[in-house]
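Subject: Structure for you to look at

Hi there,

Here is the structure I promised to pass on. Have a look at it first, and then read my notes below.

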Amino acid sequence: MNVKKTFCIILLIFILFSTLTFVSADDDRSYTIDQAYIDLTVENNGLLHVDEQYNYAFDGAFNGVYRDIPLKSGESIENIKVDAEGAYPVLKVSDKDGYKHLKIYLYSDAAHTKGIRDCDVSVFISYDMVGVVTLFNDVGAIQYKLWGEEWDVGVGSLSAIITLPGTSGNEYYLNPQDYNESSSLQGWSITAQSTSIPKGEFYELLVLMPISDFNDAPYAKHVNQDGREMILKNLEDSINGRNFWNTSYLVLGLLSILSPIGAVFTYFKYGREPKVMYEGIYERELPSDDPPEVINALVENKKDIGKPNMKGFEASIMNLIDRKILKIYSEPNSESDTNELILTFNHDKENELSPTEKILFNTLSHFAKDNALNLSKLNDKFSSETQAKWFLNHIESWEESVKSQINLAEYFDDAGSTMINVIGLGGIVFGAIIAILGFMTNLGNGFYALIGGIVLIIFSAALLYVDEDIFGRWTESGRVFYLKWENFKKFLEDNSLIEEHRPESIVVWRKYLIYGAALGVADEVYESMKLQMPNVTEYDDDLFRYHYYGGYGLFNGAYNTSYSTVHSSSDSGGFGGLGGGSGGGGGGAF
């Protein structure tokens with residue numbers, strides 16, 4: 001599983017969701033509703049009169065505004081009137097899918113020839129509603145959204161005045177309570193002031209009135225049952241439900257700390273290294289006689305301990321060169337001033353190879369011609385998908401062969417690193433879920449879920465890239481083994497230490513260079529050699545020649561080319577299918 005690719009897909013999906021809020025408006029214009037005023041008058045005949053005022057601030061050119069008023073079964077709207085301050089309005093009314101659709105064109109001139117641009121306009125709408133006031137056997141009631149969730153933008157604040165038919169026995173409730181700034185009931189008048197209300201949210205009024213305040217009430221809806229107890233129970237259930245989800249989003253946001261807590265627990269349970277009786281500062285001699293590819297797998301590749309990487313592959317090649325199983329020479333490039341690096345194969349010594357070395361030997365000889373492999377042109381062979389797949393498959397076989405030589409449990413306990421991978425992958429999935437839930441809700445605490453989800457994704461993804469020995473741990477013998485080889489690596493990196501303990505034998509320098517390659521410090525070893533042995537470049541030595549002409553870079557480049565060839569070709573699997581071509585797309589405007 002390609003964890004990096006998976007994480008990138010999740011991140012791209014989240015970015016896509018995050019940008020949806022902005023695609024509904026043109027880039028060169030915008031508007032806000034800074035203030036809304038709602039006046040409701042409940043008549044004793046059951047009619048509800050509504051006066052609305054919306055203060056718009058326009059940035060850019062606009063044709064006008066619209067207002068959709070939903071109508072439930074049995075409801076109707078009458079006497080619609082519109083006016084404006086700061087523009088000249090023209091109203092068009094239509095019915096649209098259960099809504100009364102008010103389209104209000106705004107003009108900057110009385111002749112209605114020019115639209116509006118960069119201005120403030122107050123729009124006034126008034127109408128009467130029938131069937132909104134409901135009369136039960138025991139109570140009169142009205143439930144009315146002062147602000148609806150279907151507005152394209154939020155509102156800076158809302159002021160409301162509700163005039164009731166009677167002066168006593170009235171009860172009112174404003175929800176969601178998050179948006180209540182102040183409210184009061186005095187006689188037959190309720191006043192309310194809200195905080196800012198975001199897009200997608202509503203602000204609703206519920207009023208219970210004595211049934212005696214209404215006379216016959218032909219414009220009201222009549223329900224032959226008691227309503228007060230039912231209404232209050234429904235209200236309580238709704239508030240509790242909203243509070244439950246608001247709390248749930250807060251809890252989901254707080255759950256983002258589970259991944260760090262899990263990481264800390266994993267570290268203390270599995271990641272702390274055992275105390276060992278070793279206090280060495282550096283090592284001059286090879287700490288063990290293990291092959292260089294094994295040292296690479298155990299010491300250098302901390303991302304996946306026990307698995308070699310291309311530095312181990314290089315070190316193994318250098319080891320075979322040192323043993324005269326592979327030979328290196330250079331020859332001038334006929335097309336440039338550079339030299340080409342040629343690798344030849346001594347098949348007479350194949351019987352000296354270990355199973356792992358045989359895989360490497362056969363992998364390289366596969367690309368040879370007349371027993372010679374031009375390393376400088378090896379990269380060109382892997383533009384072919386067939387050759388690239390063959391090479392990668394044999395590299396994987398070599399890696400598995402190296403791993404089979406190592407009894408990892410003798411050196412390293414990977415329980416903690418395995419657990420942290422599970423925590424990381426689970427955290428990415430869970431973080432994406434709670435971030436999307438937080439993004440899609442309009443509840444205030446959804447913000448905490450959104451932020452918590454993002455933090456959880458980032459932290460969990462980071463866990464997948466830490467070295468295995470952070471949360472895993474070495475065994476006692478493995479810890480000593482690791483520390484000795486790390487101290488040997490320090491010795492190779494520090495020229496002052498090498499100068500103090502300079503090896504006299506060229507054989508030792510070869511070993512330093514081979515194991516320096518396995519540990520990722522071959523360049524530092526070669527620089528020390530040039531300082532301590534100024535005539536090193538005069539040695540007719542295959543191993544030094546391989547490093548001097550950049551053998552590692554050639555093989556690493558070949559591997560990267562093979563990987564790119566194989567994986568880029570897999571991306572074109574749907575080519576030719578209907579709808580799969582590049583370009584196209586679409587667009588639109590309002």
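Let me start with the contacts: counting those between residues at least 6 apart in sequence, 74% join residues at least 24 apart. Please keep in mind that this is a predicted model.

Now for the overall picture. The protein has 590 residues, of which 43% are buried. Its secondary structure comes to 17 helices and 22 strands. About 30600 Å² of the protein is exposed, and carbon and sulfur atoms supply 52% of that area.

On to the inside. In general, nonpolar side chains of soluble globular proteins tend to be buried together. Here, the largest nonpolar core holds 66 residues, and the members that touch the most others are F313, I317, L326, L364, Y546 and F555. Helix 14, spanning residues 506–518, gives the most to this core, with eight residues. There is also a second, separate core of 52 residues, with I33, L106, V153 and L205 among them.

If you would like one residue to click on, try L326. Leaving out residues up to four places away in sequence, L326 touches I317, L320, I321, L343, T344, F345, F361, L364 and D542. Two of the names in that list, I317 and L364, also appear beside L326 among the core members that touch the most others.

Next, the surface. Which residues make the nonpolar surface patch of about 550 Å²? They are L250, L254, F447, Y448, I451 and V455. Helix 2 (228–254) and helix 10 (446–463) each supply at least two residues of the patch, and helix 10 gives the most, with four. Y448 lies in helix 10. Its relative accessible area is 43%, so Y448 counts as partly exposed rather than exposed, a label that needs over 50%.

Finally, a look at V480, which sits in helix 12 (residues 476–493). Is V480 buried or partly exposed? With a relative accessibility of 21%, V480 counts as partly exposed, because buried means under 20%. Apart from neighbours within four places in sequence, V480 is in contact with V276 and Y278. M277 belongs in this picture too: 203 residues separate M277 and V480 along the chain, while their C-alpha atoms are 8.0 Å apart.

Happy browsing, and do write back with any questions.

Best wishes

Key: Residues are numbered from 1 along each chain as its sequence is written. This is a predicted model: local features need pLDDT of at least 70, side-chain atom pairs count only at pLDDT 80 or more; totals for chains, interfaces and linings use all residues. Side-chain values use heavy atoms; hydrogens and water are left out. Buried means under 20% relative accessible area, exposed over 50%, partly exposed in between (1.4 Å probe, protein chains only). Contact means heavy atoms within 4.5 Å. Accessible areas come from the Shrake-Rupley method with a 1.4 Å probe; for residues, only the protein chains shown count as cover. A nonpolar core is a set of buried Ala, Val, Leu, Ile, Met, Phe, Trp, Tyr and Cys residues joined through side-chain atoms within 4.5 Å. Patches are made of residues with over 30% relative accessible area and no salt bridge: like charges are joined within 9 Å, nonpolar side chains (Val, Leu, Ile, Met, Phe, Trp, Tyr) within 5 Å. A salt bridge is a side-chain nitrogen of Lys or Arg within 4 Å of a carboxyl oxygen of Asp or Glu.
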